Amino acid sequence: VVVSGETGSGKTTQVPQYVMEHAIQIGQRCNIVCTQPRRISAIAAAERVADERGIVVGGLVGYQIRHERKASENTRILF
């Protein structure tokens, strides 16, 4: 699925969380990958989503940029 919308509409931070929460509610396991054009964008997005959820980056929310990876087998939203 490709999501497009206005700047600031929540495409990067809100939509992935809604999808993940819905999957959890219906008992489905999901993996969500959000592409970002720049390294700093991916890290900032992961940190923001993790902060909104009150968790640390590398658990449920993580990122991977080339050979740098801060994620685990429990990661469900990957930037």
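The exercises below work through a predicted model of one protein chain.

**Exercise 1. The chain as a whole**

Task: State which elements the protein chain contains, in what order they run, and how its radius of gyration relates to the globule rule.

Solution:
1. The protein chain holds 2 helices and 4 strands.
2. Read from the N terminus, these elements follow the pattern α-β-α-β-β-β.
3. The radius of gyration is 12 Å, close to the 12 Å that the globule rule gives for 79 residues, so the chain is as compact as a globular protein of that length.
4. The C-alpha trace spans about 35 × 30 × 25 Å along its principal axes.

**Exercise 2. The sheet**

Task: Find the strand order of the sheet and explain why strand 1 and strand 3 each have one side without a neighbour.

Solution:
1. The 4 strands form an open sheet in the order 1-4-2-3, and the pairing is mixed.
2. Strand 1 (32–33) and strand 3 (68–70) are at the edges; each has a single partner strand, so one side of each lacks a neighbour in the sheet.
3. In general, strands of a sheet pair through backbone hydrogen bonds, in a parallel or an antiparallel way.
4. Between strand 2 (residues 61–65) and strand 3 the sense is antiparallel, with 3 bridges.
5. Within this pair, tyrosine 63 has lysine 70 of strand 3 as its bridge partner.
6. Helix 2 (residues 39–53) packs on the sheet and touches strand 2, strand 3 and strand 4 (77–78). The direction of helix 2 makes about 170° with that of strand 2.

**Exercise 3. A glycine in a loop**

Task: Locate glycine 58 and list the residues it touches, leaving out those up to four places away in sequence.

Solution:
1. Glycine 58 sits in the loop between helix 2 and strand 2.
2. With residues up to four places away in sequence left out, glycine 58 touches Lys70, Ala71, Ser72 and Thr75.
3. From glycine 58 to arginine 69 the C-alpha distance is 8.4 Å, while the two are 11 residues apart in sequence.

**Exercise 4. The largest pocket**

Task: Describe the volume and the lining of the largest pocket.

Solution:
1. The largest pocket holds about 390 Å³ of space.
2. Its lining has 13 residues, with Val1, Val3, Lys11, Val33 and Cys34 nearest the centre.
3. Helix 1 (15–25) and strand 1 each supply at least two lining residues.
4. Helix 1 gives the largest share, 3 residues.
5. Sorted by class, the lining has 9 nonpolar, 3 polar and 1 charged residues.

Definitions and conventions: Residues are numbered from 1 along each chain as its sequence is written. This is a predicted model: local features need pLDDT of at least 70, side-chain atom pairs count only at pLDDT 80 or more; totals for chains, interfaces and linings use all residues. Side-chain values use heavy atoms; hydrogens and water are left out. Two strands pair if DSSP finds at least two bridges between them. Contact means heavy atoms within 4.5 Å. Axes are lines fitted to C-alpha atoms, for helices over the stretch in contact, and angles run from 0 to 180 degrees between N-to-C directions. On a 1 Å grid over the protein atoms alone, a cavity is a set of points where a 1.4 Å probe fits but cannot get out, and a pocket is an open set with protein on both sides within 12 Å along at least five of seven lines; lining residues have an atom within 4 Å of a point. Grid points are joined across faces, edges and corners, and a volume is the space filled by probe spheres set on the points. Ala, Val, Leu, Ile, Met, Phe, Trp, Tyr, Cys and Pro count as nonpolar, Asp, Glu, Lys and Arg as charged, and the others, Gly among them, as polar. The radius of gyration is taken over C-alpha atoms; the globule rule is 2.2 Å times the number of residues to the power 0.38.
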